[in-house]
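Biologist: I'm new to this one. Can you put it on screen and walk me through it?
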Protein chains: 2
Amino acid sequence: MTFGTVAIIGPGLLGGSLALALSQRGLAERLIIYARSKSALEQLRNSCLMAELTDNPQDAVKEADVVVLCIPIESMFAFVAPIAHLFKPSALVTDVGSVKEKVDRDLSPLLAPNAHWIGSHPMAGSEKSGFSAARANLFEGATVVVTPTEKTSLLARNRAEELWTALGSKVVSLAPDVHDDYVAQISHLPHLIAAALANHPSAPALDLAGSGFRDTTRIASGSPGLWMEILTSNSEAVSKHLNRLIADLCDLQMILRDKNGVTDTTALRSYLQKAQISRSQLF
Amino acid sequence: MTFGTVAIIGPGLLGGSLALALSQRGLAERLIIYARSKSALEQLRNSCLMAELTDNPQDAVKEADVVVLCIPIESMFAFVAPIAHLFKPSALVTDVGSVKEKVDRDLSPLLAPNAHWIGSHPMAGSEKSGFSAARANLFEGATVVVTPTEKTSLLARNRAEELWTALGSKVVSLAPDVHDDYVAQISHLPHLIAAALANHPSAPALDLAGSGFRDTTRIASGSPGLWMEILTSNSEAVSKHLNRLIADLCDLQMILRDKNGVTDTTALRSYLQKAQISRSQLF
């Protein structure tokens, strides 16, 4: 099985990994990669990847059977709007953005009349970014959430599922707003908290930081620009969960030390126990 | 150089690793290990460790030139009080507890008249516990904080530094209350927050959790009993920093989404940038 002509818009960590994976698995008859910057195109030209390179949006999409948008969420509308009428009527169009309701709201009205649009979010990544961090096995074993709505065609659902499955991923289907609520809980809120923890200690205290602090704050090494955009695009859900977490922490504060400086050791132990159990069931 | 007769009180992760390291490096003429439980003694008897084993506190300490308390903080006073007069007058007595002011307050009055007491905190560990997780190289490259006070003898300072240095650790000297404030920031508060993050998501959201969530919550897998004790023993400092973090998160809440649902993207980006820089300077 191949997916015909596949266009990848933006060869960063995810787009680059997608190109490498499609190429390695022989899943595309033609691979077209669009990049805006000359330096990105130059980097691709010097890589071992066999692909047609272009900085022209029209050339990238007009013959593509599958188009995967791997550019920042904020740039997707601006990229698609001027060329929406040029997509092939049978084309599957999807993306790899971390927030789905906004992307669907932006792209569905543009694409639904002309092509088969469905949002995708591969739960794969790294705190690194750019083509130099890309790797062909990034999607193997990863969960990819696809986010159909009542407007999504059956073709879009099926083709997207086939695409991600062919790359070795496990596909989960969720409504865009449900997806955004879930990732706020397990990714976006933890990111914000990791940043708050990294910003908290004084310089001499940081000198003592060990592996616990390193792991707890690892994701705070992610690109500030990318994460600013993700958090902004999903601010409603993240804000709701941040509020709940603050309320939890206020309860925890009372457990840790009441007005008389006394710890409720029973409650504290059971709170830690619940966390330990919840986590050990996961990993 | 050897440290003569070394008694290790409690063969858990830290005590067991200490025994293995002293043995491997030939740093003890005699190695005495005290354990309360028959099963722990049995486990040691079946290990390859060459040591004298006892469940009698007096026998463990009375001939020791160095005694290292590797039992829970809450048990140290009860262990030492009945036998404090039996320590050798020249003995170095130290511990491996994660909180130092309480331990110093408990033990200094008991030990200072009879032996050379100084607190130690090896910044080494794991979310695993028990002798089966012990390893001879646990202290290599680790930072060990020693916590002298104005009552600490020069002999205690020097011998403790020699001991940890001989095990491959880097020694840092801090007052007990300063140590407790620093570790609240880089270890105890992150632990509490990791537990709160692990407790936060709904079950279906947890199904999507990936490597970011795994790392951010890793330390929440630590023993609830051990951490309940650490947090209780250092509740004043942890509570102070938890309060500050809650205030930070309330500020962040306003940055993320003001009353009109608008994100202050400039402030959010610079908050994330600060965290990224702070972390990248560390690791």
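Modeller: Sure. Keep in mind that this is a predicted model. A good place to start is where the copies meet. All of the interface residues of chain A, 100%, are also interface residues in chain B, so the copies meet through the same surface.

Biologist: How many residues does each chain put into the contact?
Modeller: Chain A gives 74 residues and chain B gives 74 residues.

Biologist: Which elements of chain A supply them?
Modeller: Several supply at least two residues each, including strand E8 (143-147), helix H7 (176-199) and helix H12 (265-280) of chain A. H11(A) has the largest share of the side of chain A that touches chain B, with 15 residues.

Biologist: And what's that side like by class?
Modeller: On the side of chain A that touches chain B there are 40 nonpolar, 25 polar and 9 charged residues.

Biologist: How do the two chains sit relative to each other?
Modeller: A turn of 180° with a shift of 0.0 Å along the axis lays chain A on chain B, at an RMSD of 0.0 Å. The two copies are thus related as by a two-fold rotation axis.

Biologist: Which residue of chain A comes closest to the rotation axis?
Modeller: Thr216(A). Its C-alpha is at 2.0 Å from the axis.

Biologist: Switching topic. What about sheets?
Modeller: Look at chain B. There, 3 strands form an open sheet, in the order E7-E8-E9, with mixed pairing. From one strand to the next, the twist averages 25°.

Biologist: Which strands stand at the edges?
Modeller: Strand E7 (119-122) and strand E9 (170-173) of chain B. Each has a single partner strand, so one side of each is left without a neighbour in the sheet.

Biologist: How does E7(B) run against E8(B)?
Modeller: Antiparallel, with 4 bridges joining E7(B) to strand E8 (residues 143-147) of chain B. As one case, Gly119(B) has Thr147(B) in E8(B) as its bridge partner.

Biologist: One more spot. Where is Ile219(B)?
Modeller: In a loop of chain B, between helix H9 (211-216) and helix H10 (224-233).

Biologist: Is Ile219(B) buried or exposed?
Modeller: Buried. It has 26 other C-beta atoms within 10 Å, and a residue counts as buried at 20 or more.

Biologist: What separation is there between the C-alpha atoms of Ile219(B) and Asn260(B)?
Modeller: They are 37 Å apart, for residues 41 apart along the chain.

Note on methods:
Residues are numbered from 1 along each chain as its sequence is written. Chains are lettered from A and ligands numbered from 1 in the order in which they are written. This is a predicted model: local features need pLDDT of at least 70, side-chain atom pairs count only at pLDDT 80 or more; totals for chains, interfaces and linings use all residues. Copies are superposed by least squares on the C-alpha atoms of residues with pLDDT of at least 70 in both. Two residues are in contact if their C-beta atoms, placed from the backbone, lie within 7 Å. Two strands pair if DSSP finds at least two bridges between them. Axes are lines fitted to C-alpha atoms, for helices over the stretch in contact, and angles run from 0 to 180 degrees between N-to-C directions. Ala, Val, Leu, Ile, Met, Phe, Trp, Tyr, Cys and Pro count as nonpolar, Asp, Glu, Lys and Arg as charged, and the others, Gly among them, as polar. A residue is buried if 20 or more other C-beta atoms lie within 10 Å of its own, exposed if 12 or fewer, and partly exposed in between; C-beta atoms are placed from the backbone.
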